[in-house]
Amino acid sequence: MTEVQFLLAHGSRNPQWRKPFEQIAEKLQSAHPERQIVLCYLEMWEPSLEQALDSAYASGLRHFRISPLFWSSGRHLQEDLPALLEQVQVTLPDCLIKVEGPIGESEIIIQAALQALQ
């Protein structure tokens, strides 16, 4: 079973905003060459999550993990993402999609933020 990990970022009009997310994706891919890591966006940039899922599905993959690069679970993760995934399940049958919690809610990120703010 090959699983694709989608790093889902929000999107911004400012192209500089993307740099930390691109670094995270590159470093994660380097650390785990056995995984397929795809950085995608909820809005404003490409590939969108839907485009990335479509592409992976077209290449024959059916197991997807979405890792939101969000600080917390607000409207986008509570409403927009589930609605989008409901549509995706209709157009991409037989795929298994696992959605992780937002990265900002993980204890290691909270501890890193506390350390950085000292």
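This is a short tour of a structure, one selection at a time. Keep in mind as you go that the model is predicted.

**Stop 1: strand β1**

Begin by selecting residues 3–9, which form strand β1. Is this strand enclosed or open to the outside? Of its 7 residues, 6 are buried, so β1 is largely enclosed by the rest of the structure. Hiding the surface and showing a cartoon may help here.

**Stop 2: the neighbour β3**

Now add residues 63–68, which make up strand β3. β1 and β3 run parallel to each other, paired over 6 bridges. To look at one of these contacts, pick Gln 5 and then Arg 65, its bridge partner in β3.

**Stop 3: the neighbour β2**

Next, select residues 36–41 for strand β2. This strand also pairs with β1 in the parallel sense, and 6 bridges join the two. Two places are worth a click. Val 4 has Gln 36 of β2 as its bridge partner, and Leu 7 stands opposite Leu 39 in β2. How many residues of β2 are buried? The count is 5 of 6, so β2 is largely enclosed by the rest of the structure.

**Stop 4: the helix α1**

Keep β1 and β2 on screen and add helix α1, residues 19–31. Together, β1, α1 and β2 make a β-α-β unit, and its handedness is right-handed. Try colouring the three elements separately and following the chain through them.

**Stop 5: the cysteines**

Select Cys 40 and Cys 95, and show their sulfur atoms. How many disulfides does the structure hold? There are 0. Cys 40 is in no disulfide, and the nearest cysteine sulfur to it, that of Cys 95, is 14 Å away. Since a disulfide needs the two sulfur atoms within 2.5 Å, that distance of 14 Å rules out a bond between Cys 40 and Cys 95. Cys 95 is likewise in no disulfide. Are these side chains buried or exposed? Cys 40 counts as buried because its relative accessibility is 0%, and Cys 95 is buried too, with a relative accessible area of 10%.

**Stop 6: the largest pocket**

Finish with the largest pocket, which has a volume of about 240 Å³. To find this pocket, select its lining: His 10, Trp 17, Phe 21, Ile 24, Leu 69, Phe 70, Trp 71, Ile 103, Gly 104 and Ile 109. Which classes of residue make up that lining? It has 8 nonpolar and 2 polar residues, with no charged ones. Colouring the selection by residue class will bring this out.

Notes
Residues are numbered from 1 along each chain as its sequence is written. This is a predicted model: local features need pLDDT of at least 70, side-chain atom pairs count only at pLDDT 80 or more; totals for chains, interfaces and linings use all residues. Side-chain values use heavy atoms; hydrogens and water are left out. On a 1 Å grid over the protein atoms alone, a cavity is a set of points where a 1.4 Å probe fits but cannot get out, and a pocket is an open set with protein on both sides within 12 Å along at least five of seven lines; lining residues have an atom within 4 Å of a point. Grid points are joined across faces, edges and corners, and a volume is the space filled by probe spheres set on the points. Ala, Val, Leu, Ile, Met, Phe, Trp, Tyr, Cys and Pro count as nonpolar, Asp, Glu, Lys and Arg as charged, and the others, Gly among them, as polar. Buried means under 20% relative accessible area, exposed over 50%, partly exposed in between (1.4 Å probe, protein chains only). Helices (H or I, at least four residues) and strands (E, at least two) are DSSP runs, numbered from the N terminus. Two strands pair if DSSP finds at least two bridges between them. A crossover is right-handed if, with the strands pointing away from the viewer, the path from the first strand over the helix to the second runs clockwise.
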